[in-house]
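Reader: I am new to reading structures. Could you take me through one, feature by feature?

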Amino acid sequence: MSENRGPVVALVPAAGRGVRLGESVPKAFVELGGRSMLRRAVDGLLESGAVDTVVVIVPEDLIDTARARLPDGVVVVAGGEERADSVRAGLSVVDGAEFVLVHDAARALTPPSLIARVVAELQAGRTAVIPVLPVSDTIKTVDVLGAVTGTPLRSELRAVQTPQGFTTELLRRAYRDVNGDATDDAGLVERLGERVRTIVGEPEAFKITTPWDLTLARVLLGRSGSEQGS
Ligand code: CTP
Ligand code: MG
């Protein structure tokens, strides 16, 4: 497989409102042990040593706030209505990168080592790479009334995390050619018929979505001591 060490850009979608979390500020701006989720996600990307440029995508009215609170060199742009619109806005300012990562601000505790592993797979020649974990629960499909319509085989199911990594060419093509919504970026790439490679994810890369998740994140930070704590 070819070795490719071109520039890596990370897009950080952080323009959601965090409705399910229900805090008074948009989710990415919620503090977690003295640092916002967005700041933690950006710091993790920079600490990985595998990312050359970080582009964060935030609500329009928080652009100045984000710029003031993030390290120099981080690019800040306005997001859109849906997550895909925000990713598209980030992608539009990417110039000259070989690879693009898309990494949710909501996965604020993602270990830098996972980020480095995704990039290593891209550099080894993969064109689309996503971290996944097996699911513990049995998953059912249901209809609008809540009646069960099926039980997918659990051994074939995976919970998907970020960062998801792509060649810039492939992600651009997916966002240009695929219509409809996907809850992750790889979902668009799959619809092009392209192969998406999975690697083993990390429990700490869980998405902070609900108040329960926020409690879990704060407990985890409290246990890890001063290094991660602030
Ligand atoms: N996101 C975004 N632009 C949007 C919607 C979401 O950049 N229009 C980002 C979020 O900020 C988050 C990531 O995409 O970092 C994953 O989305 P999710 O966890 O659903 O966050 P929110 O949309 O903020 O939460 P909710 O759906 O509960 O409102
Ligand atoms: Mg959302």
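Author: What follows is a short tour of strands, a helix, a few single residues and the empty spaces. This is a predicted model, in which local features need pLDDT of at least 70, side-chain atom pairs count only at pLDDT 80 or more, and totals for chains, interfaces and linings use all residues. Residues are numbered from 1 along each chain as its sequence is written, chains are lettered from A and ligands numbered from 1 in the order in which they are written, and side-chain values use heavy atoms, with hydrogens and water left out.

Reader: How do I read burial, and is Ser24 buried or exposed?

Author: Buried means under 20% relative accessible area, exposed over 50%, and partly exposed in between (1.4 Å probe, protein chains only). Ser24 is exposed because its relative accessible area is 77%. Helices (H or I, at least four residues) and strands (E, at least two) are DSSP runs, numbered from the N terminus. Ser24 sits in the loop between β1 and β2 (31–32). Its C-alpha is 40 Å from that of Arg195, and the two are 171 residues apart in sequence.

Reader: Is Asp43 buried or exposed?

Author: Asp43 counts as buried because its relative accessibility is 10%. It belongs to helix α1. Contact means heavy atoms within 4.5 Å. Setting aside neighbours within four places in sequence, Asp43 is in contact with Arg35 and Pro71.

Reader: How do I read strand pairing? Which strands pair with β4?

Author: Two strands pair if DSSP finds at least two bridges between them. β4 pairs with β1 in the parallel sense, over five bridges. Val9 stands opposite Thr53 of β4. β4 also pairs in the parallel sense with strand β5 (residues 75–78), over four bridges. There, Ile57 stands opposite Val77.

Reader: Why is β4 described as largely enclosed?

Author: Strand β4 covers residues 53–58, and five of its six residues are buried, so the rest of the structure largely encloses it.

Reader: What about β11: which residues lie on each face?

Author: β11 spans residues 164–167. Gln164 and Phe166 are on one side, Gly165 and Thr167 on the other, and all are buried. Strand β6 (residues 99–102) pairs with β11 in the antiparallel sense, over four bridges. Val102 has Gln164 as its bridge partner. Strand β7 (residues 128–134) is also an antiparallel partner of β11, over two bridges. Here Ala128 is matched with Phe166.

Reader: What sort of bond comes just ahead of Pro163?

Author: Most residues other than glycine have a negative phi, and most peptide bonds are trans. Thr162 and Pro163 are joined by a cis peptide bond, with omega about 10°. Pro163 lies in the loop between β10 and β11.

Reader: How do I read a helix? Which residues of α4 are buried?

Author: An α-helix has 3.6 residues a turn, so residues three or four places apart point the same way. In α4, the buried residues are Leu114, Ile115, Val118, Val119, Leu122 and Gln123. Their cover includes β1 (8–13), α1 (37–47), β6, β7, β11 and β12 (197–200).

Reader: How far does α4 reach?

Author: The expected span of a helix is 1.5 Å times one less than its number of residues. Helix α4 (residues 112–123) has twelve residues and reaches 17 Å from its first C-alpha to its last, close to the expected 16 Å. Just after α4, Gly125 takes a positive phi of about 115°.

Reader: How do I read empty space? What volume has the largest pocket?

Author: On a 1 Å grid over the protein atoms alone, a cavity is a set of points where a 1.4 Å probe fits but cannot get out; a pocket is an open set with protein on both sides within 12 Å along at least five of seven lines; lining residues have an atom within 4 Å of a point. Grid points are joined across faces, edges and corners, and a volume is the space filled by probe spheres set on the points. The largest pocket holds about 1200 Å³. Its lining has 41 residues, and Gly16, Arg20, Glu82, Arg83 and Ala84 lie nearest its centre. α3 gives the most to this lining, with five residues.

Reader: Which residues line the largest cavity?

Author: They are Phe29, Ser36, Leu38, Arg39, Ala66, Arg69 and Leu70. This cavity has a volume of about 40 Å³.
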